[in-house]
Amino acid sequence: MAVEEKAGRGARAKLRAHFLANIGRIMDAAELRAVAGNQSEWARRVRELRSAEGYLILTHNDRSELKPGQYLLESPKPQPAFERAISKEARAYVLDRNGFTCQMCGAVAGENHPHDTTRKTRLHLGHIIDKSLGGTDDPSNLRAICSVCNEGASNTTLTRPDLQKLLVQIRRATTQDQLEVLAWLLKKFPKHAQNPSGRPI
Ligand SMILES: [Zn+2]
């Protein structure tokens with residue numbers, strides 16, 4: 001191994017350990033540069049942690065509250081390898097098909113998470129039929145799952161509500177909440193909203 005490559009790996013390991021010891025704390029470039037032993041390529045090492053190891057290190061490109069040069073790791077769990085291997089097009093296709101909505105809890109990408117309002121909803125891809133049961137990485141077997149459901153933090157809410165229970169909940173909700181549901185449905189189904197006969201298209 002070349003000396004330079006060895007130094008790079010060492011810096012990456014130090015940065016990985018530092019991120020994992022500082023989950024949820026925003027760090028700036030000066031701090032990370034120092035952690036990497038003042039290696040000029042520290043930013044590339046951080047990108048490697050993200051692209052090669054799957055750590056979801058957030059920057060101002062991901063979060064509006066982060067300034068350029070600030071970094072944040074919120075979860076110690078790296079993204080699974082299959083998700084890193086899937087093409088950008090396939091990922092965009094699955095997320096669009098699922099309406100940028102978690103298929104387990106209904107959280108919407110970029111909005112505050114309903115079960116943890118301190119977090120913005122971030123979507124991952126998950127398997128519909130688990131790989132251990134023969135499921136594939138094909139987009140037809142993938143669905144959008146938010147990071148909260150992905151980490152198993154909202155196990156109790158994973159089941160899809162049946163129609164009867166859902167209607168009861170909506171009828172009992174406040175008018176304001178019912179109007180929010182209506183606005184959301186109109187936004188989700190614009191073609192149906194414009195259909196005066198009211199029949200499904
Ligand atoms: Zn979810």
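Trainee: What makes the site of the zinc ion tetrahedral in this predicted model?

Mentor: The four donor atoms subtend angles of 106 to 113°. Four donors count as tetrahedral if all angles lie between 85 and 135 degrees, so the site of the zinc ion qualifies.

Trainee: Why are these cysteines called donors of the zinc ion?

Mentor: The SG atoms of Cys102, Cys105, Cys146 and Cys149 lie 2.3 to 2.4 Å from the zinc ion. The cut-off for S atoms is within 2.8 Å of the metal, so these atoms count as donors. Their spacing in sequence is C-x2-C-x40-C-x2-C. Cysteine 102, in the loop between helix 5 (88–97) and strand 4 (112–113), and cysteine 149, in helix 6, are 47 residues apart and link distant parts of the chain.

Trainee: Why is cysteine 102 called buried, and what of cysteine 149?

Mentor: Buried means under 20% relative accessible area. Cysteine 102 has 2%, so it counts as buried. Cysteine 149 has 6% and is therefore buried as well.

Trainee: How do you know that strand 6 and strand 7 pair?

Mentor: Pairing requires at least two bridges. Strand 6 and strand 7 have five, in the antiparallel sense, so they pair. Leucine 123 stands opposite cysteine 146 in strand 7.

Trainee: What makes strand 7 largely enclosed by the rest of the structure?

Mentor: Four of the five residues of strand 7 are buried, which is why this description applies.

Trainee: Which element gives the largest share of the lining of the second largest pocket?

Mentor: Strand 6 does, with four residues. The pocket holds about 460 Å³ of space.

Notes: Residues are numbered from 1 along each chain as its sequence is written. This is a predicted model: local features need pLDDT of at least 70, side-chain atom pairs count only at pLDDT 80 or more; totals for chains, interfaces and linings use all residues. Side-chain values use heavy atoms; hydrogens and water are left out. On a 1 Å grid over the protein atoms alone, a cavity is a set of points where a 1.4 Å probe fits but cannot get out, and a pocket is an open set with protein on both sides within 12 Å along at least five of seven lines; lining residues have an atom within 4 Å of a point. Grid points are joined across faces, edges and corners, and a volume is the space filled by probe spheres set on the points. Helices (H or I, at least four residues) and strands (E, at least two) are DSSP runs, numbered from the N terminus. Buried means under 20% relative accessible area, exposed over 50%, partly exposed in between (1.4 Å probe, protein chains only). Donors are N, O and S atoms within 2.8 Å of the metal (3.2 Å for Na, K and Ca); water is not among the atoms, so sites may look incomplete. Four donors count as tetrahedral if all angles lie between 85 and 135 degrees; four count as square planar and six as octahedral if opposite donors are over 155 degrees apart and all others between 65 and 115; anything else is irregular.
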